[in-house]
Amino acid sequence: MGLNRDDFTTKTVDILAKRVGYLCSNPNCRKATVGPNTAKDKATIVGVAAHITAAAPGGPRYDGVLTTEQRKDIDNGIWLCVNCSTIIDKDPEAFPIGMLNEWKSSSENEMNKQLRGIELKSERPFLEADLIWSNSSR
């Protein structure tokens with residue numbers, strides 16, 4: 001990458017991917033971003049650690065107030081499939097910072113629920129029954 005970019009560390013990239021189970025954080029996508037390769041000792045990864053605010057001046061959603069450390073911090077990253085990453089950077093007005101932070105939070109919360117074995121649907125079924133009473137018994 002370019003010298004004037006505030007890129008994520010390898011560790012940050014790894015953690016961003018794992019926190020969402022290697023699934024794209026776009027709620028309308030949720031595509032798996034890692035899978036097998038024909039080579040037994042390799043995996044194919046089609047996900048990227050994308051910057052929520054750009055890593056360099058002139059990039060999408062760049063915030064000049066942030067320090068280098070803040071731009072490189074995991075809080076400024078989101079895991080996306082390559083396609084979604086490209087789309088959000090090509091049309092940054094349609095994908096504001098707040099929306100990307102919501103996607104990240106929602107994806108991490110969903111993975112946390114799955115990890116802890118909590119069902120995503122917490123609703124109980126509604127049962128309606130008519131009870132017939134006669135002679136003080138059902």
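The largest nonpolar core of this predicted model holds 11 residues in all: Cys 24, Ala 50, Ile 52, Ile 78, Leu 80, Cys 81, Cys 84, Ile 88, Phe 95, Leu 100 and Trp 103. A nonpolar core here is a set of buried Ala, Val, Leu, Ile, Met, Phe, Trp, Tyr and Cys residues joined through side-chain atoms within 4.5 Å. Buried means under 20% relative accessible area and exposed means over 50%, with partly exposed in between (1.4 Å probe, protein chains only).

Two notes on reading the model: residues are numbered from 1 along each chain as its sequence is written, and side-chain values use heavy atoms, with hydrogens and water left out. Because this is a prediction, local features need pLDDT of at least 70 and side-chain atom pairs count only at pLDDT 80 or more, while totals for chains, interfaces and linings use all residues.

**The cores**
- Strand 4 (77-81), helix 3 (82-90) and helix 4 (97-115) each give at least two residues to the largest core.
- Strand 4 provides the largest share of that core, with 3 residues.
- A second, separate core has 6 residues, among them Phe 8, Leu 16, Val 20 and Trp 79.
- Beyond its neighbours within four places in sequence, Ile 88 is in contact (heavy atoms within 4.5 Å) with Arg 61, Leu 80, Phe 95, Leu 100 and Trp 103.

**The chain as a whole**
- The chain has 4 helices and 4 strands, which run α-β-β-β-α-β-α-α from the N terminus on.
- Helices (H or I, at least four residues) and strands (E, at least two) are DSSP runs, numbered from the N terminus.
- Of the 138 residues in the chain, 28% are buried.
- Among contacts with a separation of 6 or more, 65% join residues 24 or more positions apart.
- The accessible surface, from the Shrake-Rupley method with a 1.4 Å probe, comes to about 9,900 Å², and 52% of it belongs to carbon and sulfur atoms.

**The cysteines**
- A search of the whole structure finds 0 disulfides, where a disulfide is a pair of cysteine sulfur atoms within 2.5 Å.
- Why is Cys 81 not bonded to Cys 84? The Cys 84 sulfur is the closest cysteine sulfur to that of Cys 81, but at 3.6 Å the distance is too far for a bond.
- Cys 81 is buried, with a relative accessible area of 3%, and Cys 84 is buried too, at 7%.

**Helix 4**
- Its 19 residues should span 27 Å at 1.5 Å a residue, and the end C-alpha atoms are 27 Å apart, which agrees; the expected span is 1.5 Å times one less than the number of residues.
- Leu 100, Trp 103, Lys 104, Ser 107, Glu 108 and Met 111 are the buried residues of helix 4.
- Seen down the axis of helix 4, these residues fall within an arc of 120 degrees, so they line one face of the helix; the arc is that of the directions from the helix axis to the C-beta atoms.
- This buried set packs against helix 1 (10-19), strand 4 and helix 3.
- Glu 108 is buried, with a relative accessible area of 17%, and leaving aside neighbours within four places in sequence, Glu 108 contacts Arg 19 and Val 20.
- Gly 117, just after helix 4, takes a positive phi of about 80 degrees.

**Helix 3**
- Cys 84, Ser 85 and Ile 88 are the buried residues of helix 3.
- Their arc, seen down the axis of helix 3, is within 100 degrees, so they line one face of the helix.
- The exposed residues Asn 83 and Lys 90 sit on the face turned away from the buried side.
- The buried residues of helix 3 pack against strand 3 (47-51), strand 4 and helix 4.
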